[in-house]
Amino acid sequence: YSEYISTAFIISVIQWCLGILLLYFISPIIAPVFLKQFTFINDADKIKNFFVVGFIFFSINLSNITYKIWYAEHKGYLANIVPAAASLFGLAGIWLILRMQIENKILAALIAFTTPAMILGIIFFVLKTTVFSEINLRPGWTVFKQIIYRSGRVFVFALLGLLITQIDYFV
């Protein structure tokens with residue numbers, strides 16, 4: 001059990017680093033395209049906003065592993081309480097942003113809403129995968145191959161589902 005958690009930790013941290021690196025290089029290309037309807041924001045701010053929010057969302061994604069572990073341990077209530085609490089903190093953050101005199105309120109509101117989910121997600125990810133588990137930074141290759149094989153099949157179906165449900169963006 002701890003070998004699977006250790007392997008998932010290593011894989012997810014590597015994917016996070018690669019994702020952030022990829023986001024850094026494609027933000028200047030993608031941000032102006034995705035945010036073109038926001039004509040009141042210049043391209044430099046679009047790129048910055050896109051990267052900052054993308055970084056936060058990549059970091060929030062780490063908490064999904066923790067939620068899956070909690071479900072496997074029959075503690076699914078935690079996987080529902082933590083995002084709900086993060087949303088409440090995010091709502092309070094937006095309320096505070098509306099009361100403050102800030103120049104870039106859009107970026108501040110996005111950060112205020114998403115940062116609690118990121119912070120809680122990373123804290124519980126680190127606690128669950130390293131502190132509360134016997135992490136082994138050199139797990140066996142058999143466990144690694146099993147996880148990659150199973151996740152690869154799920155990835156293909158998830159990608160197909162994404163393409164089918166989001167086809168209107170491509171048309």
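At what angle do the axes of helix H3 and helix H4 cross? Here are a few points to help you find your way around this predicted model.

1. Start with the helix pair. H3 covers residues 63-72 and H4 covers residues 76-99. Their axes cross at roughly 145 degrees and come within 6 Å. Those two values are worth having together, because two packed helices are described by the angle between their axes and the distance between the axes.

2. Next, look at who meets whom. On the H3 side you will find Tyr67, Trp70 and Tyr71. Across from them, H4 brings Gly76, Leu78, Ala79, Asn80, Val82 and Pro83. Sorted by class, this contact has seven nonpolar residues and two polar ones, with no charged residues.

3. Now for the loop between H3 and H4, where His74 is found. His74 is not a glycine, yet its phi is positive, at about 60 degrees. With a relative accessible area of 71%, His74 counts as exposed, because the cut-off for that label is over 50%.

4. The largest nonpolar core is a good place to go next. Its six residues are Tyr67, Trp70, Ala79, Val82, Ala86 and Leu120. H3 and H4 each supply at least two residues of this core, and H4 gives the most, with three. As general background, nonpolar side chains tend to be buried together in soluble globular proteins.

5. Finally, have a look at Ala86, one of the core residues. Setting aside neighbours within four places in sequence, Ala86 is in contact with Pro116, Ala117 and Leu120. Leu120 is itself listed in the core.

Note on methods. Residues numbered from 1 in each chain as written. Predicted model: local features only at pLDDT ≥ 70, side-chain atom pairs only at ≥ 80, totals over all residues. Heavy atoms only, no water. Axes fitted to C-alpha atoms, helices over the stretch in contact; angles between N-to-C directions. Helix = DSSP H or I, 4+ residues; strand = E, 2+ residues; numbered from the N terminus. Contact = heavy atoms within 4.5 Å. Nonpolar A, V, L, I, M, F, W, Y, C, P; charged D, E, K, R; others polar. Buried < 20%, exposed > 50% of the residue type's maximum accessible area, 1.4 Å probe, protein only. Core = buried A, V, L, I, M, F, W, Y, C linked by side-chain atoms within 4.5 Å.
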